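Trainee: I would like a close look at one part of this model, the helices of the second chain and what they pack against. Please take it step by step and then set it beside the rest.

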Amino acid sequence: MSQVVEQEKPASPQLAHYTAEYQRAIAQGPTQPRWMAQARGHAIAQFERLGFPTTRLEQWRFTSVAPIAERTFALAADGAGSADAKQTAPLSSPVAHAVCVNGRFASTLSSVDTLPKGVQVLSLEAALTSNPGLVEPYLNQLSLPQASAFTSLNTAFLRDGVVILVAPGVVVDRPIEVVFASVSEGAGSVSHPRLLIVTGEGSQATVLERYVGSGAAFTNAVTEVWLGANAVIDHYKLQEEPSDSFHVASMFLHGARSGNFSSHSLTFGGGLVRNDVVATLDGEGIDCTLNGLYVGRDRQLIDNHTTIDHAMPHCDSHEIYKGILAEHSRAVFNGKIIVRPDAQKTDAKQTNKALLLSDDANINTKPELEIFANDVKCTHGAAIGQLDETAMFYLRSRGLGVSGRARCWCTHSPATSSTGSRSLRSVSISKAS
Amino acid sequence: MLEITNLQVSGGGKDILRGINLTVKKGEVHAIMGPNGSGKSTLARAIAGHPEYEVTGGSVTYDGKDLLALAPEDRAREGVFMAFQYPVEIPGVNNAYFLKAAINAKRKYQGLAEHDAMEFMALVREKAKILHLDPDLLTRPVNEGFSGGEKKRNEIFQMAVLEPKLAVLDETDSGLDIDALKTVAEGVNAMRSPERAIVVVTHYQRLLNYIVPDFVHVLQDGRIVRSGGKELALQLEDKGYSWIEAEPQLM
């Protein structure tokens with residue numbers, strides 16, 4: 001019998017760069033609890049083992065991350081001073097406004113001190129220093145089991161970020177806004193923002209997670225969300241980084257019995273954008289909505305991968321992703337729905353629609369259903385269309401220019417219906433125009 | 001106001017208009033009639049600048065300008081309006097909002113101050129009344145779910161609001177019952193003015209009982225084969241288009 005020997009891959013200079021950066025970060029960073037240090041050690045080892053994904057991996061088939069892998073991004077320093085206060089200003093009248101610059105909590109730009117009873121919005125670094133027990137049961141619990149190079153990299157460099165804690169039964173009536181600004185330094189720097197949201201039983205909160213920045217920065221974000229039993233979370237993610245930036249973001253949701261989670265992801269900026277959402281419906285009667293709207297222009301690449309894991313019976317999931325692609329932009333949508341053997345009475349709906357404004361724009365869209373239960377409803381659909389030339393001419397014949405409202409309206413009509421909420425709708429319309 | 005000289009237009013790889021000559025002066029109403037496939041609608045669309053039609057020869061001068069050199073939106077802003085034979089549905093765009101953008105695009109182009117919401121609504125209410133337009137239609141998406149008659153009335157309503165100098169109505173009467181036809185005609189007649197020219201493209205004489213033209217032209221096979229006064233329309237109604245084929249008259 002011959003033995004299969006797993007050959008040790010020689011580490012590429014890129015991977016060696018991140019290993020060296022990791023060692024530097026550990027040496028220079030603050031002392032963290034032992035469990036945290038262990039998680040980081042585990043994560044860097046996993047990153048070294050996995051390396052950056054290639055297009056040979058099914059999950060990355062249409063998205064080459066070579067532009068990220070081939071660069072040596074330096075770990076961004078705390079750049080609170082260089083952030084544009086206009087960019088990080090709140091969009092609504094939030095109950096709390098937390099700003100991180102290059103992944104580090106910026107207290108001077110934030111307003112988190114006067115909060116209603118039962119709501120905490122904290123710097124993750126401060127929580128790890130003064131009260132690690134607060135976050136220990138949750139932090140990394142959803143992200144560590146993921147065999148993802150980017151998520152591992154985020155954990156390996158985990159130092160700071162934002163923690164949102166909502167106590168059981170507390171209803172937060174105004175949004176909590178979190179802004180992550182990535183300010184690129186020198187030839188390009190990387191930051192690893194982290195957001196942890198934990199909501200107690202029967203609570204209710206709205207969280208807006210927004211990404212802005214300047215320069216060719218690489219933002220590698222991870223968000224973990226713990227939805228309490230019978231709790232309601234309205235989550236918005238707004239991506240408006242500059243067109244030469246790189247954005248990889250993963251959100252992991254853990255839902256408990258009868259919880260209600262809805263997320264609207266809006267991608268307008270970034271040169272290379274990859275969003276992963278993994279929602280685990282780990283209790284009966286959960287309602288989960290994942291919606292997305294993306295607008296690509298120039299040579300943008302926007303990739304949305306979602307996974308909804310129906311682990312328990314009687315859960316509903318609704319998913320609508322819509323995109324508008326102009327010029328040479330490209331998009332990828334992959335919607336995976338897993339229905340576990342126990343998850344009877346699952347009702348899962350998925351729709352992906354894309355509008356291509358130019359012959360050079362393109363999209364790869366794929367539903368992926370893995371159904372192991374026999375009493376379920378799962379529907380999916382994808383549609384790709386071009387701009388209606390007749391409608392364009394009609395608008396032009398009324399004096400509306402081809403580059404202005406006419407184009408905008410022909411594209412809005414498909415965009416508006418995917419963003420259910422009123423507030424989001426107005427944001428999406430103003431951003432898309 | 002409008003001077004069409006030897007206009008040749010092709011569409012879908014076929015020659016459709018083969019040398020149209022037509023002069024329309026301010027204050028005049030011209031009717032263009034002709035059998036199916038004669039090129040009536042092509043003429044209307046070529047004036048509006050429809051991208052599916054290619055002008056292969058001739059010239060169109062409007063108000064002293066080379067109309068063919070202008071983009072469709074600039075023709076509109078210069079005061080050319082075409083009422084569509086098949087008005088297009090624009091889902092998600094509110095009718096009133098659409099009109100406000102259209103009128104302000106034109107005012108901006110002409111160097112006038114844009115209408116604010118109050119001025120605009122006052123104007124729209126006044127025009128809606130003339131056309132007996134259900135005010136509910138203003139808040140609905142453009143033409144979406146409108147009946148055939150509502151769509152045509154909406155076209156004339158847009159025309160009333162935009163107050164063009166040259167209005168081209170492309171088979172606005174098709175598919176209308178007699179009541180809707182009368183309403184539409186009333187709307188058009190209310191727009192008649194010494195400063196405005198109107199070109200009515202129609203297959204049937206019926207509309208011309210209500211919108212009485214100053215001139216009638218018969219189009220056949222891409223050419224105007226006969227021109228005359230309003231009585232020509234009546235003769236056509238009487239004898240059919242084959243009558244002209246049988247009795248060719250050189251222009």
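Mentor: In this predicted model, helix 3 of chain B passes helix 6 of chain B in a right-handed crossing. The two axes, of residues 95-109 and residues 148-162, come within 10 Å and cross at roughly 35 degrees. Helix 3 of chain B brings L99(B), A102(B), I103(B) and K106(B) to the contact, and helix 6 of chain B brings Q158(B), V161(B) and L162(B). By class, five of these residues are nonpolar, one is polar and one is charged.

Helix 6 of chain B also holds M159(B). M159(B) has 23 other C-beta atoms within 10 Å and is therefore buried, the threshold being 20 or more. Setting aside residues up to four places away in sequence, M159(B) touches F81(B), A83(B), P164(B), A167(B) and M191(B). Of these partners, A83(B) lies 76 residues from M159(B) along the chain, while their C-alpha atoms are separated by 7.5 Å.

Helix 3 of chain B has a further role in the contact between the chains, where it is one of the elements that give two or more residues to the side of chain B that touches chain A. That contact takes 19 residues from chain B and 16 residues from chain A. Besides helix 3, the elements of chain B that give two or more residues are helix 2 (72-77) and strand 7 (90-94). The side of chain B divides into 13 nonpolar, three polar and three charged residues.

Further along the chain, helix 8 of chain B spans residues 231-239, and L232(B), A233(B) and L236(B) in it are buried. These three cover an arc of only 100 degrees around the axis, so they lie on the same side of helix 8 of chain B. An α-helix has 3.6 residues a turn, so residues three or four places apart point the same way. On the other side of helix 8 of chain B, E231(B) and D238(B) are exposed. The buried residues pack against three strands of chain B: strand 3 (29-33), strand 11 (215-220) and strand 12 (223-228). After helix 8 of chain B comes G240(B), with a positive phi near 80 degrees.

Chain A offers another helix pair to set beside the one above. Helix 2 of chain A passes helix 6 of chain A in a left-handed crossing. Their axes, of residues 34-50 and residues 149-156, come within 8 Å and cross at roughly 145 degrees. Helix 2 of chain A contributes A39(A), R40(A), A43(A), I44(A), Q46(A), F47(A) and L50(A), which meet A149(A), S152(A), L153(A), T155(A) and A156(A) of helix 6 of chain A. This contact has eight nonpolar, three polar and one charged residues.

The nonpolar cores complete the picture. The largest has 114 residues, and those that touch the most other members are V121(A), V162(A), V163(A), I164(A), I176(A) and V178(A). Not counting residues up to four places away in sequence, V163(A) touches L122(A), L124(A), A127(A), V135(A) and L196(A). Apart from this core lies another, of 77 residues, whose members include A391(A), F81(B), A197(B) and L208(B). F81(B) is also one of the residues that M159(B) touches, which leads back to helix 6 of chain B, the place of M159(B).

Definitions and conventions
Residues are numbered from 1 along each chain as its sequence is written. Chains are lettered from A and ligands numbered from 1 in the order in which they are written. This is a predicted model: local features need pLDDT of at least 70, side-chain atom pairs count only at pLDDT 80 or more; totals for chains, interfaces and linings use all residues. Axes are lines fitted to C-alpha atoms, for helices over the stretch in contact, and angles run from 0 to 180 degrees between N-to-C directions. Helices (H or I, at least four residues) and strands (E, at least two) are DSSP runs, numbered from the N terminus. A crossing is left-handed if the near helix is turned anticlockwise from the far one by less than a right angle, and right-handed if clockwise. Two residues are in contact if their C-beta atoms, placed from the backbone, lie within 7 Å. Ala, Val, Leu, Ile, Met, Phe, Trp, Tyr, Cys and Pro count as nonpolar, Asp, Glu, Lys and Arg as charged, and the others, Gly among them, as polar. A nonpolar core is a set of buried Ala, Val, Leu, Ile, Met, Phe, Trp, Tyr and Cys residues joined through C-beta atoms within 7 Å. A residue is buried if 20 or more other C-beta atoms lie within 10 Å of its own, exposed if 12 or fewer, and partly exposed in between; C-beta atoms are placed from the backbone. The arc is that of the directions from the helix axis to the C-beta atoms.
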